[in-house]
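Student: Can we go through how the charge labels get assigned? I'd like the reasoning behind each one.

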Amino acid sequence: MKITLLVSAFNSLSQVAYTYFKNRGDIVDVVFAINEKQMIDEVFHFNPDFILCPFLKKFVPKEIYENIDTYIVHPGVLGDKGAYALDNAIRTHEKEWGVTILKANGEFDSGDVVITQNFQMRSSYKASIYRNEVVTTFYSMLDGFLQNLQSKNFTKQLSGMMHKPLSQKERAIDWQKDTTQEILKKIYMSDSHPGVKDEILRVECYLYGAWEEEKLRGAPKEILAKRDGAICLGTVDGAVWITHLKEPHRFKLPATYILKERLKGVKEERLPLIFDKSYKTFYEISCDIEENIAYLYFNFHNGAFSSDKCMKLKYAFEYLKDQVDIVVLMGGDDFFSNGIHLNILEDSKKNGEDGWSNINAMNDLVHSVLFCSDVVTVASLENNAGAGGLFLALACDYVVVRENVVLNPHYKTLALSGSEYHTYTLPKRVGEKNSEILLESCLPLSGKKAKEIGMANIVCSDANYRIELESFLSQLFDNAEQLEDFLWKKEDFLQEHKQEIEKAKEAEIAVMYDEFWDVMSEFHTKRYDFVYKICPMKTPQRLKGIINEL
């Protein structure tokens, strides 16, 4: 089939749809909703069998939906209508929510329903529920969606009032009255957009990334401590950590990067390198050890690895490898890793120097994993990964993926050639030809496809991912002798090929030097557009309807 994805941005939901249809062998054409004429021209030029809108903020032009069947993906239950669906669900403490796909008919979320499915709500912020529950539910509906399209098995949308968009007045925190739980809820329902507008130390800003604090106490809104870029503020009945702030017309940064010298005298409340999760607080690196296996979690905001986080994770990995036989890199709640921290680089007054530091810190982390002959290393890609973050995973001995995870094994869209030893690890797994296709086409691929081309060793189901991961780990080695034999062979191989592997990295870095240090480098422009979320003037050519070459 020929399918058009009409989107406001090529986000996680859009990429899941894209990879699903591509895996089926369909020809998929993406159209960015930039303006009405452009949408109409692109859609009719491709002339699809139908249009799906996984993430669309604009109305579909009448000329489109009256001539081509068009379907809207709404992150809400049957009968729910309007923008900010998840915001309202969190605000009203819904225990169950859902995803509904309905036909476009000119009235907002009011067309006939093709399919709907519910999920259990989790106490977390909006973006996390979207990236996990909404995406997974949507993916599980796609087979049924196509079946219902074929049979025309539609139902009527329920009648009801459209919920209203939430204003900043309704999101605002009253620090003298709101409890910790109320503050968490307000930030949860506003994260990652639009944030909660407030003022911290006379700085007007939007708040993101809220964590409950169990031990620290102080006056409402008093800054009690700082840690890893976050700040802790007192509440009427406890305290909360705020990890990120955004000034108006700027971009999101760790809170301490915004407040800077205003935090003079505020205590750095440190945690152990690997936190034991013994009480509620803000932390990024933690670990569960089960028998001879360490599950290492690194929950960095949006999967971004700044230089200091690379170093901390490297030290955590090196500490754990002396205690177990297998170390599993688990990533975070929403992402495995997305590579270097672009927002911090954009904020830097020394873009080249800090970018160079970040890529070298990332390489040091990858080096520790790649050349570790003391333990078996496994990457658990339960959540999305891209750029250098994906190549961190490929440095492991084994790669496990979830079936609907989206991987972006490329750098080119940011005008970077990339490093993280990818010119060694990627061809080693998928071959030279497929490596070139992946790096040049700059297209996402699913976990299933990653397994098919050799990038991953095993693919696990969405429903039973952790069970299947643990089963795979338990079957790796029958006895200690097999494990020891594997590690001896690994050490011999690394010693024999060490020079070759390091040469690959040095060649990568040589190319990247100018990309960071040259003030005219296209990377600086691309990074600016990414960080400030500049809307493209046209749909990227790489997303137009072509037959997958892989």
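Student: Why is D288 called partly exposed?

Tutor: Quick caveat: this is a predicted model, where local features need pLDDT of at least 70, side-chain atom pairs count only at pLDDT 80 or more, and totals for chains, interfaces and linings use all residues. Residues are numbered from 1 along each chain as its sequence is written, and side-chain values use heavy atoms, leaving out hydrogens and water. Now, buried means under 20% relative accessible area, exposed over 50%, and partly exposed in between (1.4 Å probe, protein chains only). D288 has 25% relative accessibility, so it counts as partly exposed.

Student: What makes K277 and D288 a salt bridge?

Tutor: The term needs a side-chain nitrogen of Lys or Arg within 4 Å of a carboxyl oxygen of Asp or Glu. For K277 and D288, the closest N and O atoms are 3.0 Å apart, so the pair fits the definition. K277 lies in the loop between α8 (255-259) and β13 (285-290) and D288 in strand β13, so the bridge ties together parts 11 residues apart in sequence.

Student: And how do you know that D112 and K156 form a salt bridge?

Tutor: Their N to O distance is 3.4 Å, so that passes too.

Student: Why is K156 called exposed, and D112 partly exposed?

Tutor: K156 has 63% relative accessibility, so it counts as exposed. D112 is at 27%, so it counts as partly exposed.

Student: Which salt bridge joins D178 to a partner, and are the two residues buried or exposed?

Tutor: D178 pairs with K186 at 2.8 Å between the closest N and O atoms, and both residues are buried.

How values were computed. Helices (H or I, at least four residues) and strands (E, at least two) are DSSP runs, numbered from the N terminus.
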